[in-house]
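I opened my notebook for a quick look at this structure. Here is what I looked up, in the order I went through it.

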Amino acid sequence: MSGFEVIHPGVLCSIQDAGRKGVNDIGLTQSGAMDELSFGYANMLLGNAFNTSVIEIALGGLVLRAKEAISIAITGADMSPSIGGRSIEMWQTHTLKKGEELSFGFASSGHFAYVGVVGGFDIPLQYGSASTSIKEGLGGMKGRKLQAGDRLQSFGVCLCETRKLHQKQVPYFSQEIRLDVLKGYQEHLFDKSAQETFFNSVYTYKGEGDRMGYRLSGEKVIPQVSGILSEPICYGAIQVPSHGEPIVLLKERQTIGGYPKIGSILGIDCFKLAQLKPGGRIRFNEVSLEEARNKVLAFHTFFRF
Amino acid sequence: MKRSYTIASETALIIYFGDRIEPLVSKEVQRAYKALKQANIEGFFELIPSYASLLIQYDILKYRFEQVRDMAEECIEKAPLLEHSEQKIVTIPSYYGREVGLDLELLCEEKNLSSDAIVSLHVKELYSVYAIGFAPGFAYMGEIDEALSTSRLASPRKVVPKGSVAIADRQTAIYPLQSPGGWKILGRTPMVMFDASYEGLSRLHVGDLVRFEPISKEAFLKMGGLL
């Protein structure tokens, strides 16, 4: 086996794959890569199956040393990666020599970056996934974030050629985003003026967020009740506590909750929110069920991971 | 109340069986959940039951909302009634001191009651477990006395300590792990609610009956409770 030794663990780095399926009924969270698109590209560049484990880097600061020669792919937020002190390009594969170090600075745009290797990391699956859920103590490296000295085992496969993502496929992580929203759940508990406020205002992400969800600041949208009978929550759901500021629930969300929800952000748009840096601005755009479906189908036709 | 089918997201549908905490409604949810789980329909990725609702997360490349609705409705219509099962009674020791009952003071003011009165209202009922969720091992229980009914915090806490005994509306629950949360906190239990060795990872299961037993600070600490 080959792989890496963690020299500097960075701020919050963890092993992630596509997350857990079919476990929400016992209260386990989905978990998985916060930016599914960049995650998918890392694996695609390496010829991996979509659901292959990678390292997710939040903010930056990670330094890894290769135990043997190994090929990697780097996608997501630009954290000025370098190999042996030479800066390298994102969105492509690279090959490290034995003993070389792969270092990351801090994100200039976006929040999450991904490092993939051929075949993924040798991490035992828990509830069908290698994804780390720190709160639950599951997956990844003993259910925790990476720490110095961790050995991340993988097959030391080197690719003969460099694979690059076409420039037009590379996502741009804007600080001004528009998210498509499908109304649902308790939309009826938000009156006309509350809905108008919600869809016509600009919200700001002030950094109050984590893998569970992002709280947004801006015009208040007050629901007609402060709580509902606790009910199941899906990916992208927008809950509004009585403080009137929306909270969008993401990969490590709770499975059940009792705040009213106006609807949900389309799953294919959630990565844009995940990649916002503090100060990022958000507008919500209402779409119909048919439009939402067409957008998702178009997305899946374009990105055949 | 008739079942109603509502959009949760572009890939999820939520079925409402009622809008209150009611044993009969809860049984209907469990009946539907078990039938759908057993049917093991391809492309139904998640089935999440709660008090009076059930969410189905589905493969959008395979199904439209209307198809999922019709398939679920057919499956639930045909579902057999649940067999009666013996209900287990679980006693949860709970310390209701001010240093762990983070919202006791707030509740005393809100209800114009002493903290002793609040605690006795909380411990006098035998509660039923209606749902497991939010986090693994988090059991939703009801109903607390009307006089104790309270709203959630306007702004959820970023950190609720593990073992916190809390209330919201007519519900009560225990936070099995440290997590964010918006329920009002009355006390703390030293009992472990979540463990990989428990069936479904949880000490409590839907249908269990639960009683809270007030304990002293000394007993709390002796049983491994952390302040």
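**Entry 1: chain A.** I started with contacts in this predicted model. In chain A, among contacts between residues at least 6 apart in sequence, 76% join residues at least 24 apart. I then looked up the secondary structure and found 4 helices and 20 strands in chain A.

Next came the overall dimensions. A compact globule of 305 residues would have a radius of gyration near 19 Å, and chain A agrees with that at 20 Å. Along the principal axes, its C-alpha atoms fill a box of roughly 60 × 40 × 30 Å.

For the surface, I noted that 60% of the 305 residues in chain A are buried. The chain exposes about 11300 Å², with carbon and sulfur atoms supplying 51% of that area. I also checked the charges: chain A carries 32 positive and 30 negative ones, and their mean positions are 3 Å apart.

**Entry 2: chain B.** I repeated the lookups here. Chain B has 5 helices and 13 strands. Of its contacts with a separation of 6 or more, 60% are between residues 24 or more positions apart.

The globule rule gives a radius of gyration near 17 Å for 227 residues, and the 19 Å of chain B agrees. Its C-alpha trace spans about 55 × 35 × 30 Å along the principal axes.

I found that 56% of the 227 residues of chain B count as buried. The exposed area is about 10200 Å², and 51% of it comes from carbon and sulfur atoms. Chain B has 26 positive and 30 negative side chains, with the centres of the two sets 2 Å apart.

**Entry 3: aromatic pairs.** How many aromatic pairs does a search of the whole structure find? I got 20 over all chains. One of them is Phe198(A) with Phe199(A), an edge-to-face pair at 5.0 Å centre to centre and 85 degrees between the planes. Both of these Phe residues are buried.

Another edge-to-face pair is Phe138(B) with Tyr175(B), at 5.2 Å centre to centre and 75 degrees between the planes. I looked up where the partners sit: Phe138(B) is in the loop between strands S6 (127–132) and S7 (139–142) of chain B, and Tyr175(B) is in the loop between strands S10 (171–174) and S11 (179–181), so the pair ties together parts 37 residues apart in sequence.

Are these two partners buried or exposed? Phe138(B) counts as buried at 1% relative accessibility, and Tyr175(B) counts as buried at 1% too. I closed by listing their aromatic cluster, which Phe138(B) and Tyr175(B) form with Tyr51(B), Tyr130(B), Phe134(B), Tyr140(B) and Trp183(B).

Definitions and conventions: Residues numbered from 1 in each chain as written. Chains lettered and ligands numbered in written order. Predicted model: local features only at pLDDT ≥ 70, side-chain atom pairs only at ≥ 80, totals over all residues. Heavy atoms only, no water. Helix = DSSP H or I, 4+ residues; strand = E, 2+ residues; numbered from the N terminus. Rg over C-alpha atoms; globule rule 2.2 N^0.38 Å. Buried < 20%, exposed > 50% of the residue type's maximum accessible area, 1.4 Å probe, protein only. Contact = heavy atoms within 4.5 Å. Areas by Shrake-Rupley, 256 points an atom, 1.4 Å probe, with all protein chains shown as cover. Lys, Arg positive; Asp, Glu negative; His and termini not counted. Charge placed at Lys NZ, Arg CZ, Asp CG, Glu CD. Phe/Tyr/Trp six-rings, centres within 6.5 Å; stacked < 30°, edge-to-face > 60°.
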